[in-house]
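Q: Could you take a close look at one part of this structure for me? I'd like to go through the place where the two chains meet.

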Amino acid sequence: MRDVNLAKYQFDYDLTWAGLFVSPDGRVLGRYGGRDAESADGKVSLKGLRYAMEAARKANRERPPPKAAPERRTVADYPGLKRLGPTACVHCHQVHELQRDALQARGEWGLDKLWVYPPPENVGLTLEVDRGNVVARVAPKSAAEKAGLRQGDVIRTIGGEPVASFADAQYALHRHESNEPLAAVWLRDGKEMAGKLELADGWRKSDISWRWSLRQLEPSPWVHGDDLTSQEKKALGLGEKRLALRQGNFVTPPARQAGIRQNDIIIGVDGRELEMTGRQFAVYVKLNYKVGDKVTYNLLRDGKRVDVELTLAGRP
Amino acid sequence: MARRLLLLGVCLTALAGRAAADDAADRWLADLDRAERESRKTGKPLFVVFRCEH
C-alpha cells in the first residue's frame, strides 16, 4: 500500500480482499468485498460481484464531470511510517494502524474510532448477497424499520453515497461518524422513497475481533491459544458460549511472570464470567483496560480454579 | 507466522454487458499507474483489486 493514493482508494483496510470500480477520471464508482465477524466471504458471491459491476458500469455512463482534481494522500503522510522502515512492505491493515497512530499523536484518538465500516445490520438492514442493495430482511424495531424500509426495497443511497453492494453500504455508514439521522433513499415497486435512519448511541459498534489491525493495539492480554471445543467445555461444566481459552505452548513473559502455564484455561477476568471466544476476549481486554492495569485472570488448571494476577505490561 | 503478501491486481474492463473474463480485450494489469493512464486514454473504467494475505 506504500504508493497507493489513500484519498482515492478508501476501503476497509482490514479486508484480505477488496475491489473498487473506478471511473477513467479517477472517481470510485462502487466497492465490493466487505465482511463481518462471522465469515470472510459470507457477504460476497460472483453473482453479487457481477451485480455491483453492472451498477458501476451504469454509474460510469451517467457520471457528471469531476469538480476538482483528486486529492492525493499516501502512507508517507503518516508519521508512524518511520517505525516500519523505508523499504518495508506496508500491508493493508497497517493503513488502519497508521491512521490510528496519527490520531493518537494529535490527541484525537478515542476507542470509539475503532468501530470502522459498520455492517448494515447495525441499522437493521440485511442485504441480499447476490443483489447487494436489495433488502433481504429488516430487523424489528431497528432504525431501518422506523425509517420505513421493508424487505424487497432496493437501496439507492445511504447518506448520499450510492449503494450496490454490502461494501458500499459499509462505506456509506463508515463515513457517518455521528448519531445524527442518516438519510436513505430506496426504490419500492419502481417508486422512489426516502427516510431517515435514527441512530442510537453506540450504533457503530459490532464484533471487531476479526480485525488484524487491532493486534498491535494495547494493552495486550498476554495470553493466547485455542478455544476449547463444545465437548471439552461440557466436560468441564462450562456453558457453550463461555470463554474457555487454552493457553498455547508459548507463554509470553508477562504471563509467565504472573504464573500462567501452558494449558491453563482462561475462563474469566476479575471474577467476571464472560461469554465470548478467545479472539473476542483479546478485544475485550483492549476495550476495558489500560496498560499498567493489574488484572486477575480466572483459570482452570487440571480441573481446579486458580486465580492469577497479571500486570498488563506495555509492549517492549 | 505465515508470510504476508500484498497483491495488487487491476483489471481494465469494458464492462460491455458480458462477463469481463469473456472479453479478449480485458486483461489484468499489475501496475496501478499504468492502468489509470490506460483508463483515461480508453475511457474504460477500472476494477481494482487489493489483496492482503495475513
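In what sense do strand S1 of chain A and S3(B) pair, and over how many bridges?

A: Keep in mind that this is a predicted model. Strand S1 of chain A, residues 17-22, and S3(B) run antiparallel to each other, and their pairing covers six bridges. To find your way along that pairing, look for Gly19(A), which sits opposite Val49(B) in S3(B).

Now zoom out to the whole contact, which draws 23 residues from chain A and 18 residues from chain B. On the chain B side, helix H1 (32-42) and strand S3 (46-53) each give at least two residues to the face touching chain A. The largest share of that face is eight residues, and S3(B) is where they come from. Sort the residues of the chain B side by character and you get nine nonpolar, six charged and three polar.

Back to chain A and its inside. The largest nonpolar core has 51 residues, and Leu20(A) and Phe21(A) are among those touching the most other members, along with Ala144(A), Leu149(A), Ile158(A), Ala169(A) and Ala184(A). Helix H4 of chain A (residues 166-174) puts in the largest share of this core, six residues. As for Ala184(A), leaving aside residues up to four places away in sequence, its contacts are Ala147(A), Leu149(A), Ile155(A), Ile158(A), Ala194(A), Gly195(A) and Leu197(A). There's also a second, separate core of 24 residues, with Leu214(A), Ile265(A), Ile266(A) and Val285(A) among its members.

Key:
Residues are numbered from 1 along each chain as its sequence is written. Chains are lettered from A and ligands numbered from 1 in the order in which they are written. This is a predicted model: local features need pLDDT of at least 70, side-chain atom pairs count only at pLDDT 80 or more; totals for chains, interfaces and linings use all residues. A nonpolar core is a set of buried Ala, Val, Leu, Ile, Met, Phe, Trp, Tyr and Cys residues joined through C-beta atoms within 7 Å. A residue is buried if 20 or more other C-beta atoms lie within 10 Å of its own, exposed if 12 or fewer, and partly exposed in between; C-beta atoms are placed from the backbone. Helices (H or I, at least four residues) and strands (E, at least two) are DSSP runs, numbered from the N terminus. Two residues are in contact if their C-beta atoms, placed from the backbone, lie within 7 Å. Ala, Val, Leu, Ile, Met, Phe, Trp, Tyr, Cys and Pro count as nonpolar, Asp, Glu, Lys and Arg as charged, and the others, Gly among them, as polar. Two strands pair if DSSP finds at least two bridges between them.
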